[in-house]
Structures are given as C-alpha cells and as structure tokens.
Amino acid sequence: MSLSDADPTATVATLRAAGCVFAEDEADLLHAAARTPGELREMVRRRVAGDPLEQILGWAEFHGLRIFVAPGVFVPRRRTEFLVARAATSLRPGAVVVDLCCGTGAVGAALLTLGDIDLYAADIDPASVACARRNLDVPVYQGDLLDALPEDLRGRIDVLVANAPYVPTDAVALMPPEARLHEPMVALDGGADGLDYLRRLAETAPRWLAPGGVLHVETSVEQSGVALGILRGAGFTATVDHDDDLDGTVLTAH
Ligand SMILES: C[S@@+](CC[C@H](N)C(=O)[O-])C[C@H]1O[C@@H](n2cnc3c(N)ncnc32)[C@H](O)[C@@H]1O
C-alpha cells in the first residue's frame, strides 16, 4: 500500500514548522515512499530531526537517474552534474574512466549513460563502496585515492573524475546540519584550505593517466585560483569552468 493518495496537509504543516523550505514537495515524496502510516510517521520524525531527505527516501535524483543513497553516505549534489557535463566532453568510445572518491557512484552512473566507456570507481569509505556497488555494475575498489586502483590501470586512465572533499576544515562547522551531522567528515573536510586532496591528486595523477589523459575535479569558485596554481605547478595545463545555473565549478587538467 502506498500513502500517495492520502492527504499530506498535516505532513506539510509538520515539515514547514520544522523549517523545511520545500515542505509540499517533500511531503509528496514521503507519502509516495511510505508503505504504512507507521512508516510515514517514522520518516517524518527523521526529517524533522534533520536527516537528509535523500537518506530517508533511500535515493537521490542525479542527472535524471535515481541513485541509491545509504545512511551515512554523501548525498550527491545537483552542482556535481556540471562535473559530469565537463567529463562528458572528454569521453571517447572505450575510454578508461575512473570515478575517484565516488561516494554513491552517482558521477560514474551518469557517465555510463553518456557513452560506451570502461568505468572503474573507488572510495576510502566502506559504506560508500557498498553503496556504489549497488549503483554501479562495474569494479568499485576501496582505498586511499589512486592507491585503491589495481596496478594494471597505471598509465591507462583516459579520464579521471574526482569530487573529492574540498570544504576547508574551519568551514565544515558552518555547513547545514544535514551535511555536518549526517554525512561523514571524511566526505567533507578537505584540509586547512580545502585543497589537500587536489594537491595529492596533482602529484600522483600523472603516473596513472594515459598519454593525453585528462583530470576533471570539482572545486569552488573561491578556491579556483589557488587550485589552478597547484595543477599548473605540477606540470598540468589547467582551466576552470563555472556553471551559474548549477553553481558548479570544475577544474580540467591535461
Ligand atoms: C564530496 S564526497 C563526493 C562523493 C561523490 N563523488 C559525489 O559527488 O556524490 C567525497 C567522497 O570522497 C571520499 N574520500 C575521502 N577521502 C578519500 C580518500 N583518501 N580516498 C578515496 N576517497 C576518499 C569520501 O568517502 C566521499 O565519498
């Protein structure tokens, strides 16, 4: 039984009182997802307590796909659809593509819809790896950045895509409670200036990229100047692009 036909007025009022900006939309989604009144009550209770909607529903919409989201795993953001769009410009049939720091695997799943590619994914967090394995029918490795990958990919990656953590440590405390209380710190904290992961990637990626390979990394507008300097200092030709509609910012490095 779905409760989608039941009157969601009371749910809307409860969610609105709790500060949910999109109370009507969220109430519709919760009513459609709950199979019993008890389940609906529990879902509303969790939402009022601040759990991310996507973790309650068990899925997030990303690039037109329904991506499975496990509790405690980073919820894919709409702005990351711009990372997909930038990476799409680098795809060729048969390209070896790696979705690094994959979280749910949303970026990789989106790229799989765009071309006939040879995709691999990796993340350090076991819950993310398990979640990505449900979303992706490709090898998903667990480990630290590129060290997670099998040796036979060394020097063979045509397109390396990463939405690694890039929030400066001091800024994590300023994030909405949904993120800082319900997503793991390992998914958010990018070090003092938010660029620790980019520095490590700039140093290690050249050993893993194929000749002519390309690196696409999400960043923020504020960080983009320093980020370009890091990539260029490591010998890359690097550019930055921003999409106003999605508010996404992506570095591209050859
Ligand atoms: C900002 S989230 C992005 C997740 C996913 N790519 C997305 O866009 O939805 C960053 C991800 O990096 C992973 N991560 C953090 N440190 C890592 C490391 N040293 N090696 C691999 N993955 C790491 C986290 O577990 C998290 O899933």
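**Local geometry, helix packing and burial in the predicted model**

His63 is placed in the loop that runs between strand S1 and strand S2, the latter spanning residues 65-68. In this predicted model, the phi angle of His63 is near 55°, a positive value for a residue that is not glycine. His63 is partly exposed, its relative accessible area being 28%. A positive phi near 40° is also found at Leu145, again a residue other than glycine, and Leu145 belongs to the loop between strand S5 (140-142) and S6. Leu145 is buried, with a relative accessible area of 7%.

Strands S1 and S6, which border these loops, also appear in the surroundings of helix H5. Helix H5, covering residues 81-88, is mostly covered, since six of its eight residues are buried. The buried residues are Glu81, Phe82, Leu83, Val84, Arg86 and Ala87, so that the charged residues Glu81 and Arg86 are listed alongside nonpolar ones. The elements that cover the buried residues of H5 include strand S1 (59-62), helix H6 (106-112) and strand S6 (157-162), together with strands S7 (209-219), S8 (238-243) and S9 (248-253).

Turning to helix packing, two packed helices are described by the angle between their axes and the distance between the axes. For helix H1 (residues 9-17) and helix H2 (residues 23-33), the axes come within 9 Å and cross at roughly 125°. H1 is therefore oblique to H2, and H1 passes H2 in a right-handed crossing. On the H1 side the contact is formed by Thr11, Val12, Leu15 and Arg16, which meet Ala23, Glu24, Glu26, Ala27, Leu30 and His31 of H2. The residues of this contact divide into five nonpolar, two polar and three charged.

Contacts between residues separated along the chain were examined for two further helices. Arg46, which lies in helix H3 (residues 37-48), counts as partly exposed at 22% relative accessibility. When neighbours within four places in sequence are left aside, Arg46 is in contact with Asp51, Gln55 and Ile56. Of these contacts, Ile56 is 10 residues from Arg46 in sequence, and the C-alpha atoms of Arg46 and Ile56 are 7.3 Å apart in space. Ala132, by contrast, is found in helix H7 (residues 126-135) and is buried, with a relative accessible area of 0%. Residues up to four places away in sequence not being counted, Ala132 touches Cys102, Gly103, Thr104, Gly105 and Val140. The C-alpha atoms of Ala132 and Ala122, which are 10 residues apart along the chain, are separated by 8.7 Å.

Cys102, one of the residues touched by Ala132, also enters the account of the cysteines. A search of the whole structure finds zero disulfides. For Cys101, the closest cysteine sulfur is that of Cys102, at 8.1 Å, and this is too far for a bond because a disulfide requires the two sulfur atoms to be within 2.5 Å. Cys101 counts as buried at 18% relative accessibility, because the cut-off for burial is under 20%. Cys20 is likewise buried, with a relative accessible area of 9%.

Methods. Residues are numbered from 1 along each chain as its sequence is written. This is a predicted model: local features need pLDDT of at least 70, side-chain atom pairs count only at pLDDT 80 or more; totals for chains, interfaces and linings use all residues. Side-chain values use heavy atoms; hydrogens and water are left out. Buried means under 20% relative accessible area, exposed over 50%, partly exposed in between (1.4 Å probe, protein chains only). Axes are lines fitted to C-alpha atoms, for helices over the stretch in contact, and angles run from 0 to 180 degrees between N-to-C directions. Helices (H or I, at least four residues) and strands (E, at least two) are DSSP runs, numbered from the N terminus. Angles under 35 degrees count as roughly parallel, over 145 as roughly antiparallel, 65 to 115 as roughly perpendicular and the rest as oblique. A crossing is left-handed if the near helix is turned anticlockwise from the far one by less than a right angle, and right-handed if clockwise. Contact means heavy atoms within 4.5 Å.
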